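Biologist: I've just opened this one and could use a hand. Could you walk me through reading a few of its features?

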Amino acid sequence: MKVIELGEGAWGDARGWGLDPYRTSGIVPGADVSCHVVSMNSGAVRGNHLHPDALEWMIVFGAPCTLAGRMPGEASVELRIDGDQPVMVHFQAGEGHAVRGEGPGVTFLVAFNDRPNPTTERVEPILNPGI
């Protein structure tokens with residue numbers, strides 16, 4: 001798991017923040033990519049899977065959460081996000097990953113891959129439901 005600096009792909013003013021996920025990640029949008037948006041209640045976990053054939057980027061925001069990534073045969077790496085500003089992370093093909101909402105409030109997640117229909121394989125839990 002790698003945190004991506006948002007740089008010029010993100011902006012903010014008195015109204016809040018915005019970002020261009022494709023510009024920041026470097027992938028070109030089109031028919032060869034996929035994207036989905038989900039919400040997570042406090043204690044909920046999404047993920048605990050990997051994509052053996054695709055890179056994945058995630059933008060998380062809204063409420064505190066914990067992200068975790070694990071390459072096969074290695075220890076997992078966890079990252080706590082406070083949620084008030086967007087954070088983008090990158091997962092390699094074959095890297096197991098999971099996100100847990102820590103609350104209070106709802107965490108939002110925008111995930112996109114460099115393939116239109118990436119293969120998804122379940123992994124031994126990296127994060128368990130909590131709170």
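Modeller: Let's take one arginine and then one strand. Keep in mind that this is a predicted model.

Biologist: Okay, where is Arg100 found?

Modeller: Arg100 sits in strand S10, which covers residues 96-101. As general background, side chains in a regular strand alternate between the two faces of the sheet.

Biologist: Is Arg100 buried or exposed?

Modeller: The cut-off for buried is under 20% relative accessible area. Arg100 comes out at 16%, so Arg100 counts as buried.

Biologist: Then what does the side chain of Arg100 reach?

Modeller: For polar contacts, look at N and O atoms. The Arg100 side chain reaches the backbone oxygen of Asn128 at 2.8 Å. There's also a polar contact of 2.8 Å between the side chains of Arg100 and Glu102.

Biologist: And which residues does Arg100 touch, not counting those up to four places away in sequence?

Modeller: Among them are Met40, Cys65, Thr66, Leu127 and Pro129. Asn128 is on that list too.

Biologist: Met40 caught my eye. What is the bridge partner of Met40 in S11?

Modeller: That's Thr107. For strand pairing, look at the direction and the bridges: S4 (residues 34-40) and S11 pair in the antiparallel sense, over 7 bridges.

Biologist: Which residue stands opposite Ala111 in S11?

Modeller: Met58 does. Strand S6, residues 56-61, pairs with S11 in the antiparallel sense as well, over 6 bridges.

Biologist: So how many residues of S11 are buried?

Modeller: In S11, residues 107-113, 6 of the 7 residues are buried, making the strand mostly covered.

Terms used: Residues numbered from 1 in each chain as written. Predicted model: local features only at pLDDT ≥ 70, side-chain atom pairs only at ≥ 80, totals over all residues. Heavy atoms only, no water. Helix = DSSP H or I, 4+ residues; strand = E, 2+ residues; numbered from the N terminus. Buried < 20%, exposed > 50% of the residue type's maximum accessible area, 1.4 Å probe, protein only. Polar contact = N/O pair within 3.5 Å; in protein donor to acceptor, adjacent residues only side chain to side chain. Contact = heavy atoms within 4.5 Å. Pairing = 2+ DSSP bridges.
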